[in-house]
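Me: Please take me through this model with questions and answers, giving the cut-offs as you go.

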Amino acid sequence: MNKDFNFQKGFTFSKHIPAEISNFDRVFDIFKDLLTHTSGDIEEAFEWLDMLDKEYDIFNEEYTLEDFEEDLKKRGYIREEESEDGSTGDRKGKNLLTPKLEAALREYALDQIFGKLKKNGLGNHRTSKTGTGDERDGENRPFQYGDDLAAVNMTESLKNAQINNGISDLHLTEDDLIVEETKHKAQMSTVLMIDISHSMILYGEDRITPAKKVAMALVELIKRKYPKDSIDIIVFGNEAWPIKIKDLPYLKVGPYHTNTVAGLELAMDILRRKRNTNKQIFMITDGKPSCIQLPTGEFYTNSYGLDEMIVNQCLNRAAQARKLKIPITTFMIAQDPYLRQFVEAFTAQNKGKAFLTGLSGLGQMIFEDYEKNRIKRI
């Protein structure tokens with residue numbers, strides 16, 4: 001509802017008229033969602049868009065699917081694949097995502113999961129410790145020997161000088177000085193582990209797309225709100241490997257088992273190289289560990305129940321991370337009782353945290369846990 005303030009008559013209310021949205025923006029939101037589901041396959045996303053149009057009349061005579069595709073190219077969101085000689089050729093080439101569209105997908109995921117996030121300057125992780133820092137705490141205390149003069153609150157100090165000495169004979173002494181407390185700003189290094197084993201698309205449920213959206217949203221959140229923090233993304237199936245942020249939209253599930261041990265080892269290797277004091281691992285998985293790599297290089301797999309040898313290796317890595325002061329937060333997208341027992345044992349070894357969650361609340365849980373983990377300097 002629109003309102004105007006009139007100093008003589010008070011508030012005047014009028015009917016809210018929603019802002020007009022362009023044809024492109026209206027379709028673009030749908031397209032970004034489809035593109036996430038198709039792992040960056042533009043042609044498949046267009047096919048889904050065409051199917052949706054037949055049922056929901058997304059396009060009309062004034063704005064067609066061809067118009068939308070042309071707008072995507074004009075605005076720099078997609079480009080045609082070039083041939084080996086650098087030309088697109090006479091016939092139409094394959095459409096590819098541009099970095100601009102990859103960034104738009106991360107922003108869209110952030111808006112979907114965490115709502116509209118407004119930029120509020122350089123963000124960092126506050127600790128509960130006061131002292132010399134670069135963020136004002138709002139609390140004042142008397143000046144002490146050794147305090148940085150830059151922390152002196154001159155307004156409060158001059159007020160003290162007036163009270164103690166009078167306005168006619170104003171002079172500032174050490175006893176008049178007031179210091180405003182500051183808080184340290186800690187940096188956080190996070191590794192996000194994503195399970196891409198085959199079970200992430202089994203049983204008629206797409207679990208990889210929500211996990212992928214959460215990863216894109218968390219990356220965008222950190223880049224906007226905590227630019228001094230770092231986040232690394234790794235995926236694990238039979239093996240584990242890091243992926244670049246720009247590769248997130250294209251992430252797919254493979255015909256893999258779940259080598260949680262390999263994922264944890266890689267995550268710890270990455271965090272060992274970080275200089276930041278605060279380090280953590282987030283792990284999104286829907287199933288039990290079912291694979292390890294033997295010293296011979298061969299893979300040992302067991303998909304039936306909990307294999308004692310595999311489980312013990314996972315617990316050993318959890319304890320190792322605890323010694324390195326790296327807490328692990330596990331987001332288990334499963335409710336099986338025997339998996340709960342494994343997660344509880346794993347969490348106890350690491351002294352970390354675990355959430356047994358569905359897909360709908362996954363993003364909010366990770367966001368809230370990330371915020372809570374900011375406060376302490378290990």
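Me: What percentage of the 378 residues of the chain count as buried?
Reply: The model is predicted, so that local features need pLDDT of at least 70 and side-chain atom pairs count only at pLDDT 80 or more, whereas totals for chains, interfaces and linings use all residues. Residues are numbered from 1 along each chain as its sequence is written, and side-chain values use heavy atoms, with hydrogens and water left out. Buried means under 20% relative accessible area, exposed over 50% and partly exposed in between, with a 1.4 Å probe and protein chains only. Of the 378 residues, the share that counts as buried is 44%.

Me: How many helices and strands does the chain have?
Reply: Helices (H or I, at least four residues) and strands (E, at least two) are DSSP runs, numbered from the N terminus. By that assignment the chain has 10 helices and 15 strands.

Me: In what order do the six strands of the open sheet stand?
Reply: Two strands pair if DSSP finds at least two bridges between them, and the pairing in this open sheet is mixed. Because β10 (240-243) and β15 (353-356) each have a single partner strand, they stand at the edges, and one side of each is left without a neighbour in the sheet. The order of the six strands is β10-β9-β8-β11-β14-β15.

Me: Which residue of β11 is the bridge partner of I194?
Reply: Strand β8 (residues 188-195) runs parallel to β9 (residues 230-236), to which seven bridges join it, and seven bridges also join β8 to β11, again in parallel. In β11, the bridge partner of I194 is I284.

Me: Which residues of β11 are buried on each of its faces?
Reply: In a regular strand the side chains alternate between the two faces of the sheet. In β11 (278-285), eight of the eight residues are buried, and both faces are covered. On one side the buried residues are N278, Q280, F282 and I284, and on the other they are K279, I281, M283 and T285.

Me: What angle does the direction of helix α6 make with that of β8?
Reply: Helix α6 (residues 208-225) packs on the sheet and touches β8, β9 and β11, where contact means heavy atoms within 4.5 Å. Axes are lines fitted to C-alpha atoms, for helices over the stretch in contact, and angles run from 0 to 180 degrees between N-to-C directions. The angle between the directions of α6 and β8 is about 165 degrees.

Me: How far apart are the end C-alpha atoms of helix α8?
Reply: The expected span of a helix is 1.5 Å times one less than its number of residues. For the 16 residues of α8 (residues 308-323) this gives 22 Å, which agrees with the end C-alpha separation of 23 Å.

Me: What covers the buried residues of α8?
Reply: The buried residues of α8 are I310, V311, C314, L315, R317, A318, A319 and A321. What covers them includes α7 (260-272), β12 (291-293), β13 (299-301), β14 (328-332) and α9 (337-350).

Me: Is S39 buried or exposed?
Reply: Most residues other than glycine have a negative phi, and most peptide bonds are trans. S39, in the loop between α1 (23-37) and α2 (42-56), has a positive phi of about 55 degrees although it is not a glycine. At 11% relative accessibility, S39 counts as buried.

Me: Is K351 buried or exposed?
Reply: K351 lies in the loop between α9 and β15, and its phi is near 60 degrees, a positive value in a residue other than glycine. Because its relative accessible area is 67%, K351 is exposed.
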